Amino acid sequence: MTTMCLKRAGLFHDRGVPSAVVTFDANPELETIRTKLVETGRHHAEVPLLNLHDFYAVHFLTHAKGQAKPRTRTPEWVETARTRRSSDGSLFHVDYRIPGNDTDTLREYHRADGTVYLIDSTLPSDEKTLGTPRALQLVAHDGYVAATYSSTSRLYRRFLTDLVNQTHADVVVDSKYAAGFLWSWKHPDAVKFVNFHSTHVAAGQNLLTGKLSTAHQKIIQNRDAWDGIAFLTESQRKAFVQRFCEASNTFVLSNPVDGPQTLPTFGDREPGTVLHVGRFTPGKNIGEVLEIIAKVAEARIPVHLDLVGDGNQRQSLEATVRELGAENLVTFPGHVDDVGHRLDRARVLLMCSKFEGQSLAILEAQAHGCVPVAYDVDFGPRDMIEDQRNGFLVPFGDQDAAVRAVTRLLSDDALCESMSIQGFHDSTKNRSDVIFGRWMEALDNARMNSSSRVALAAASVRLAGIKFDPNGDIELEVGVDTGAAQLTRLWLESRQRGIPDSYGYEIEPHTVEDGLVHFRLPADLRTQQPDGDALDLSIVLSIGSVTRAIRLGANPLLQTTPYLTVYGNLSLK
């Protein structure tokens, strides 16, 4: 995620669109980190790294009329720690505590000249206050409080507003943590996007019905607050809209990957060489990669695996290699700076991940003509690999199928070369120039539709009544409030729950009066959509090409729910 965030900023900059990377954390090593990122080529030297603390340490705020100075520390406060900036050794912050008190804390952040620009404290303000409320006070250069916030998220939103006020920039949020408090941030001059780098459900859950990922919950619950929700692959976007309904603020924007301009010569590839590139984490399932390589060798196919990368599973993976007796088959190069060169020389990239957002390793492999073999998991592999055309997609956990795929590629030069050529050509759709154009198109589209999207986001619907007709039809009365917005169209959509490729059954209203819209659900609706667990109903609103789907529900304060028994009798739950 960080790599792509940095690369996108450089991508925009090199094509004439000024960009910056924004961070919020209080990190005294920030300048050292930035220098290292630039030296290793991960961050563009001309792209600013804008940090909240750097910003308020140099931008002199003015205090509002009537603001006072911060409360003076009483003598019982004792200094416990001092932290200095790595860049120049200047004092960054000082921590204070009261001996014997583990609740109250106070930290003062200092400018390079020694004056305080921010005070972060958790203190009881008076006897009537319960608990220990937090206060973050921005301090002007004259020592008076310029603004006070009760949480870091409020301060972070203020910082973003100050930045946009100065630069008129659009905002792209990569961090799930930041998106959790920036969904409510808005600025009249900015378009706001959030990037989905991983799945919307918890690990192992069904995409259509499973528990939502904790980190994504606020994004999903407030999905209409974003001008754009960007997914790395179409299958990821499709899974999202199949669960939450189609919306015009969703986009597919792949990570940019640039390989060599010409395909490396196939004859220069090292026979038998297989790569795995990635972090050594449980999700990468590298143990199965090792088992597959061992089985390929058992079939007397010359093979050697380079595990490029590192992580907390390295020791256990080294132990697995010893258990398999595969010490001569596997090398651990660690983190390397020549991944592109290795991909130019290898025949096969082998990936056995349990899940992927969009595998950079697969993108980069195809861009260098290295043929990928990957388990078919959500989401990335099936969007990049067309089975037996530019690589092999293997059912998850089917080691024998993976062994056959790797064996074919290592023993059949003509097959491997043809897939190498095809993957290289297919990779051009993810080159930087193409992805930059897609980003510009998406941002322009979001800006053009911003007013309509905001109007639809403010709309509300509620179930006002249900009537059962003698012929078996169901009459729904729905209250719709769109404020001053003039809708182009409104309809009810019935969608089968739990069916991946379920398409909505649209029902037009038959009566609209006084804010109440009436729909008639035919008696045979359930038999017309027979495959799902249940039918979910949503009201879809549109203004021109902009749509918003709102799941139809009753008053959340409803304490009883009517239902019909199998004999058609009315009961309440």
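## Two residues with positive phi

In this predicted model, R300 is placed in the loop that runs between helix 8 and strand 14 (304–308). R300 is not a glycine, yet its phi is positive, at about 65°. Its relative accessibility is 76%, and the cut-off for exposed is over 50%, so R300 counts as exposed.

N285 stands at the other end of helix 8: the loop that holds N285 lies between strand 13 (273–277) and helix 8 (286–298). The phi of N285 is also positive, near 55°, and N285 too is a residue other than glycine. Is N285 buried or exposed? N285 has a relative accessible area of 11%, and the limit for buried is under 20%, so N285 is buried.

## The chain as a whole

The chain has 573 residues, and 48% of them count as buried. Its secondary structure consists of 17 helices and 28 strands. Along the principal axes, the C-alpha atoms fill a box of roughly 80 × 80 × 50 Å.

The exposed surface of the chain comes to about 28300 Å², with carbon and sulfur atoms supplying 51% of it. Among the side chains, 60 are positive and 72 are negative. The centres of these two sets of charges lie 4 Å apart. For contacts between residues at least 6 apart in sequence, 58% join residues that are at least 24 apart.

## Aromatic pairs

How many aromatic pairs does a search of the whole structure find? The search finds 20. In one of these pairs, Y156 and F181, the ring centres are 5.3 Å apart and the planes meet at 50°; tilted pairs are those neither under 30 degrees nor over 60, so this pair is tilted. Y156 belongs to helix 4 (residues 152–167) and F181 to helix 5 (residues 176–182). With their positions 25 residues apart in sequence, the two link distant parts of the chain.

Y156 and F181 are both buried. Both also belong to a cluster that ring pairs build from F24, F55, Y56, Y156, F159, Y177 and F181.

## Arginines over rings

Two arginines are placed over aromatic rings. The charged end of R73 sits over the ring of Y96, at 4.0 Å from the centre of that ring. The other case is R489, which lies over the face of W491 at 3.8 Å from the ring centre. R489 and W491 fall within strand 21 (489–496), one of the elements described in the next section.

## Helix 7 and its surroundings

Helix 7 (residues 234–244) is mostly covered, with eight of its 11 residues buried. Which residues of helix 7 are buried? They are S235, Q236, R237, A239, F240, V241, Q242 and F244.

These buried residues pack against several strands: strand 10 (192–196), strand 11 (228–231), strand 12 (250–252) and strand 21. They also pack against helix 6 (217–221) and helix 12. Directly after helix 7 comes C245, with a positive phi near 80°.

## A cis peptide bond before helix 12

Helix 12, which takes part in the packing around helix 7, also borders a loop with a cis peptide bond. The bond runs from D378 to F379, and its omega is near 5°. F379 is located in the loop between strand 17 (371–375) and helix 12 (380–384).

## L324 and D433

L324 is part of helix 9 (residues 314–324). Its relative accessibility is 36%, between the limits of 20% and 50%, so L324 counts as partly exposed. Apart from neighbours within four places in sequence, L324 is in contact with L290, E291 and A294. These three contact partners of L324 fall within helix 8 (286–298). From L324 to A401 the distance is 20 Å, C-alpha to C-alpha, and the two are 77 residues apart in sequence.

D433 is found in helix 15 (residues 432–448). With a relative accessible area of 54%, where over 50% is the limit, D433 is exposed. D433 and G423 are 10 residues apart along the chain, and 18 Å separates their C-alpha atoms.

Terms used: Residues numbered from 1 in each chain as written. Predicted model: local features only at pLDDT ≥ 70, side-chain atom pairs only at ≥ 80, totals over all residues. Heavy atoms only, no water. Phe/Tyr/Trp six-rings, centres within 6.5 Å; stacked < 30°, edge-to-face > 60°. Helix = DSSP H or I, 4+ residues; strand = E, 2+ residues; numbered from the N terminus. Buried < 20%, exposed > 50% of the residue type's maximum accessible area, 1.4 Å probe, protein only. Lys NZ or Arg CZ within 6 Å of the ring centre and 35° of its normal. Contact = heavy atoms within 4.5 Å. Areas by Shrake-Rupley, 256 points an atom, 1.4 Å probe, with all protein chains shown as cover. Lys, Arg positive; Asp, Glu negative; His and termini not counted. Charge placed at Lys NZ, Arg CZ, Asp CG, Glu CD.
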